[in-house]
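I opened a fresh notebook page for this chain. My plan is to start with its surface, then go through its fold and a few residues.

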Amino acid sequence: MGQPQSQRLCGESCQRLVLVSGRAAATSDMAALTELLNLCASRQDQSGSIVIMADYWKSQPKKFCQYCKCWIADNKPSVEFHERGKNHKENVAAKISEIKQKSMDKAKQEDRMSKEFAAMEDAAMKAFQEDLKRLQAESASTEAEASGSSQSGTWLEGVSDEGHTYYYNTLTGESQWVCVRG
């Protein structure tokens with residue numbers, strides 16, 4: 001037991017320091033070991049082991065695989081290895097089939113909607129034709145009644161924006177500047 005406890009701990013720490021730091025120093029060269037120990041004194045943890053760390057933290061870039069929902073290292077070999085994997089290929093195939101199914105469903109829905117719109121337009125056109133027939137029948141009966149009455153009631157007098165008087169025939173829709181009374 002030739003060494004005191006403190007020197008023995010320092011020696012063990014220095015030996016570990018030499019192994020970790022990679023410096024070529026003999027364990028018997030206490031001056032070099034002490035210098036190394038002083039350089040790394042702030043890097044010892046509570047147990048006395050020397051902790052060598054980088055001067056700054058550099059994170060490795062990661063890439064997110066949208067098909068597999070996982071992160072992989074963003075370098076060519078890692079990406080290629082991941083993309084050649086069975087799980088990735090299955091996930092890509094599933095995504096493609098999902099997109100295909102969605103587009104087919106959308107096309108079916110658009111086709112169904114266009115058929116519904118065409119049916120609505122046909123129904124509206126039929127209703128319009130029926131309304132035209134009804135209005136023509138009503139106007140024909142009104143014309144028959146009006147032709148039996150005097151012609152003087154069919155002309156109305158109006159004033160234009162410029163202040164000139166004009167005459168409008170309610171039966172024919174004709175307008176004139178001169179009144180023709182029959």
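Surface first: I find about 14800 Å² exposed by the chain, with 55% of it supplied by carbon and sulfur atoms. Accessible areas here are Shrake-Rupley values with a 1.4 Å probe, and for residues only the protein chains shown count as cover.

A note on the source: this is a predicted model, where local features need pLDDT of at least 70, side-chain atom pairs count only at pLDDT 80 or more, and totals for chains, interfaces and linings use all residues. Residues are numbered from 1 along each chain as its sequence is written, and side-chain values use heavy atoms, leaving out hydrogens and water.

Next, the fold. I looked up four helices and five strands, in the order α-α-β-β-α-α-β-β-β from the N terminus. Helices are DSSP runs of H or I with at least four residues, strands runs of E with at least two, numbered from the N terminus.

How much of the chain is buried? Buried residues are 13% of the 182; the word means under 20% relative accessible area, with exposed over 50% and partly exposed in between (1.4 Å probe, protein chains only).

Then contacts, meaning heavy atoms within 4.5 Å. Among those with a separation of 6 or more, 15% join residues 24 or more positions apart.

I stopped at Ser160, in the loop between β3 (155-159) and β4 (165-169). Ser160 counts as buried because its relative accessible area is 16%. Beyond its neighbours within four places in sequence, Ser160 touches Tyr166 and Trp177.

Last entry: Met113 sits in helix α4 (residues 86-148) and is partly exposed, at 36% relative accessible area.
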